[in-house]
Amino acid sequence: MKKAVFFDIYGTLIDIITDEHDLRVYEMLARHLSYHSVYVSPENLKNAYFEGVQECLKQSMEPHPDVDVYDIFSHIMKRYGNKEYSRCAVVNAATLFRALTMRRFCAFEGVYDAMEVLSKKYKTAIISDAQWVFTEPEIAMLGLDRFFKFWILSSRLGYRKPDTRLFNLAMERLEATPEESVYIGDNSARDLVGAKKAGMTFILFGNGGVNYEGFQPDRHFRDYSDLINILEDLQ
């Protein structure tokens, strides 16, 4: 009997496109930072961001490491600034960066109707490779927060899917066994592999490849109007 349904976010619930390589992003962000006595050229800011990400990944001992973008921006502001910066100032810089990179941002068609039903029938939560500093407000911005009891985000833990610890932690918090749990995601390499290694039923969303490294999804859908029936069929 399935009682817990877990979701990935980006590419599964939220349709998003960002461009972190556009120099105009760093021009606007550098201008914002100057109001906080952080003086850095757009080119140096861009380099500092990507170098900071790579350095954090390199230093991690995890097989599937993730970074915390909050820490990246905190380091940049300390490096180019002349004072201590509050948590609020760092969050504002990070979220402005995110807003400037955004090219598309919306829930996939049918998500709200499906979640209205599923959140009443199952225990629901999120397991995602995501930056808490962006993702937590973005879940609320789209009104998705009301559907989920909690979210497990890789940036808070320092490791990403397919690491099974993410899935095990989520199941523990919902007091669900792997046999009682379903994971829904769009990425075969991370979502399919991680969920199946954790012993969960996996449903693939979208147009991605179905099989990966010997793992195969239990179900596959492209339209959220089909998801409720798929879950019923699994029961």
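Q: Relative accessible area, taken with a 1.4 Å probe over protein chains only, is called buried under 20%, exposed over 50% and partly exposed in between; how does Glu175 count by this rule?
A: Glu175 has a relative accessibility of 62%, which lies over the 50% limit, so Glu175 counts as exposed. This is a predicted model, in which local features need pLDDT of at least 70 and side-chain atom pairs count only at pLDDT 80 or more, while totals for chains, interfaces and linings use all residues. Residues are numbered from 1 along each chain as its sequence is written, and side-chain values use heavy atoms, leaving out hydrogens and water.

Q: Where does Glu175 lie, and what is its phi?
A: Glu175 belongs to the loop between helix 8 and strand 6, where helices (H or I, at least four residues) and strands (E, at least two) are DSSP runs numbered from the N terminus. Its phi is positive, about 55 degrees, although Glu175 is not a glycine. Ser37, in the loop between helix 1 (23–34) and helix 2, also is not a glycine and has a positive phi of about 60 degrees.

Q: Is Asp191 buried or exposed?
A: Asp191, which is found in helix 9, has a relative accessible area of 1% and is therefore buried. Leaving aside residues up to four places away in sequence, Asp191 touches Asp8, Lys161, Phe167, Tyr183, Gly185, Asp186 and Phe202, where contact means heavy atoms within 4.5 Å.

Q: Why is strand 6 described as largely enclosed by the rest of the structure?
A: Strand 6 covers residues 181–185, and 5 of its 5 residues are buried, so the description follows. Side chains in a regular strand alternate between the two faces of the sheet. In strand 6, Ser181, Tyr183 and Gly185 point one way while Val182 and Ile184 point the other way.

Q: How do you know that strand 6 pairs with strand 1 and with strand 7?
A: Two strands pair if DSSP finds at least two bridges between them. There are 4 bridges between strand 1 (residues 4–7) and strand 6, which run parallel, and 4 bridges between strand 6 and strand 7 (residues 201–205), again in the parallel sense; both pairs therefore meet the rule. Val182 stands opposite Thr201 in strand 7, and the bridge partner of Phe7 is Ile184.

Q: What makes strand 5 and strand 8 the edge strands?
A: The open sheet has 6 strands in the order 5-4-1-6-7-8, with parallel pairing. Strand 5 (151–153) and strand 8 (219–221) each pair on one side only.

Q: Why is the unit of strand 6, helix 9 and strand 7 given a hand?
A: A crossover is right-handed if, with the strands pointing away from the viewer, the path from the first strand over the helix to the second runs clockwise. The β-α-β unit of strand 6, helix 9 (residues 188–197) and strand 7 is right-handed.

Q: Why is helix 2 called oblique to helix 3?
A: The axes of helix 2 (residues 42–59) and helix 3 (residues 69–80) come within 10 Å and cross at roughly 130 degrees. That angle makes helix 2 oblique to helix 3, because angles under 35 degrees count as roughly parallel, over 145 as roughly antiparallel, 65 to 115 as roughly perpendicular and the rest as oblique. Such axes are lines fitted to C-alpha atoms over the stretch in contact, and the angles run from 0 to 180 degrees between N-to-C directions. Among the residues that meet are Leu45 and Ala48 in helix 2, and Ile72 and Phe73 in helix 3.
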